[in-house]
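Hi,

Here is the structure I said I would pass on. Have a look at it first, and my notes follow underneath.

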Amino acid sequence: MRMFQVCTCGEPLQLNEAPTPKPQGSEVLLRMIAAGVCHSDLHLSDGYFDLGGGKKLSVVERGMKLPVTLGHENVGEVVALGPDAKGIKLGDKVLVDPWMGCGECMVCKRGDEQLCTKPSSIGVFRNGGYADHLLVPHPRYLFDIGDLPPEKVAPLACSGVTTYSALKKVGPTFSTDPVVIIGAGGLGLMGLALHKAMGGHSAVVVDIDPAKRDAAKKAGAVATIDGAAPDAVRQVIAATNGGSWATIDLVGSAQTARLGIDSLIKGGKLILVGLYGGEITQSLPPFPMRAISIQGSYTGSLTETKELIDLVRRTGLPPVPIATRPWTEVNAALADLRAGKVIGRVVLTPTG
Ligand SMILES: [Zn+2]
Ligand SMILES: [Zn+2]
């Protein structure tokens, strides 16, 4: 098999070859059909997340072993099964939930493998889908997609379930009040589409890029705000009739978190999703006095992925712009993403 791997952090992915694995035990081998290119692949190939103030979170210190094949938004066709892989058959087209834990601890048993303290996620801690084949440890991570188009389903594994899980954290005001979404890139447009499909009231979108604000407007945002405007906080407060009850920050920079916190209404919540990086200094008394909260949200659970696929079957696929490229162009696709040239999502497909 051939795969694109991070061999040295900060350098382009390298095309390597290895024997195609034979599935053992509960393992399942897929032939890759579609692999979404995600912004976090940039951090993973750089080797770190920016913690702000010159501090870095090294992904290698966190347990990423090199070389590793990136790619965590994967759809493939089942081509071989281990003897204990049940509930799945050859020829099935499946979406892979990449957010794997140890499967043994209390957190995993509760169903939150994405929060396991010993993560083994596909495309991060084990080989991912920028390859012609992908080995998955257990069928519980696989979801039959039937006739749904693979290139549109692949992004559900990360950008889909990440925004779905964040939207679920909004709580009881979801259908009665506006939600503020900061960031109208791939995640933001996915979030807008799912917000609508889930019965959300309305969405106010913040982005510093006019082209992305336009895309958000076309995708149904009731208002779009330039996050770099000097009065951005005031604009968000005006658009939400006095302040936001729930803001989802899909960027996660010092500027967006600041804007998110400062434009909450009393009792409001900032749901922090994006991993852009940085740090803020925040006075403590406003937390109790304004009764505000910040909640982190990291990908989603297997149950949420299942719910999301059911939702998509009922309401249709999110109309997020998807561009396909041959999988051998992965380094060019990552470069375009880094340069901010991608509207929606790029999905890699096989080259015959
Ligand atoms: Zn991702
Ligand atoms: Zn675990």
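Let's start with the zinc ion (ligand 1): its protein donors are Cys38 (SG), His72 (NE2) and Cys158 (SG), lying 2.0 to 2.2 Å from the metal. Keep in mind throughout that this is a predicted model. Along the chain, the donors of this zinc ion (ligand 1) follow the spacing C-x33-H-x85-C. Cys38 and His72 link distant parts of the chain, 34 residues apart: Cys38 is in the loop between β3 (28-37) and α1 (40-46), while His72 is in the loop between β6 (68-69) and β7 (73-81). How accessible are they? Cys38 counts as buried because its relative accessibility is 8%, under the 20% cut-off. His72 is buried too, with a relative accessible area of 1%.

On to the zinc ion (ligand 2). Here the coordination comes from Cys102 (SG), Cys105 (SG), Cys108 (SG) and Cys116 (SG), at 2.3 to 2.4 Å. The angles among the four donor atoms run from 105 to 117°, and the site is tetrahedral. In sequence, the donor residues of the zinc ion (ligand 2) are spaced C-x2-C-x2-C-x7-C. Two of these cysteines fall into separate exposure classes: Cys105 is partly exposed, with a relative accessible area of 23%, whereas Cys108 is buried at 7%.

Then the aromatics. The count comes to two aromatic pairs. One of them is Phe4 with Trp327, edge-to-face, at 5.4 Å centre to centre and with 80° between the planes. Phe4 lies in strand β1 (residues 2-6) and Trp327 in the loop between β17 (322-326) and α11 (330-338), so this pair ties together parts that are 323 residues apart in sequence. Both Phe4 and Trp327 are buried.

Trp99 and Tyr298 also form an edge-to-face pair, with 5.9 Å from centre to centre and 70° between the planes. Trp99 sits in the loop between β8 (93-96) and α2 (106-110), and Tyr298 in the loop between β16 (293-296) and α10 (302-315), so parts 199 residues apart in sequence are tied together here. Buried or partly exposed, what about Trp99 and Tyr298? Trp99 is buried, with a relative accessible area of 4%, but Tyr298 is partly exposed at 38%.

One last thing to look at is Lys56: its charged end sits over the ring of Tyr48, 4.1 Å from the ring centre.

Cheers

Definitions and conventions. Residues numbered from 1 in each chain as written. Chains lettered and ligands numbered in written order. Predicted model: local features only at pLDDT ≥ 70, side-chain atom pairs only at ≥ 80, totals over all residues. Heavy atoms only, no water. Donors = N, O, S within 2.8 Å, 3.2 Å for Na, K, Ca; no water. Tetrahedral: all angles 85-135°; square planar, octahedral: opposite > 155°, others 65-115°. Buried < 20%, exposed > 50% of the residue type's maximum accessible area, 1.4 Å probe, protein only. Phe/Tyr/Trp six-rings, centres within 6.5 Å; stacked < 30°, edge-to-face > 60°. Helix = DSSP H or I, 4+ residues; strand = E, 2+ residues; numbered from the N terminus. Lys NZ or Arg CZ within 6 Å of the ring centre and 35° of its normal.
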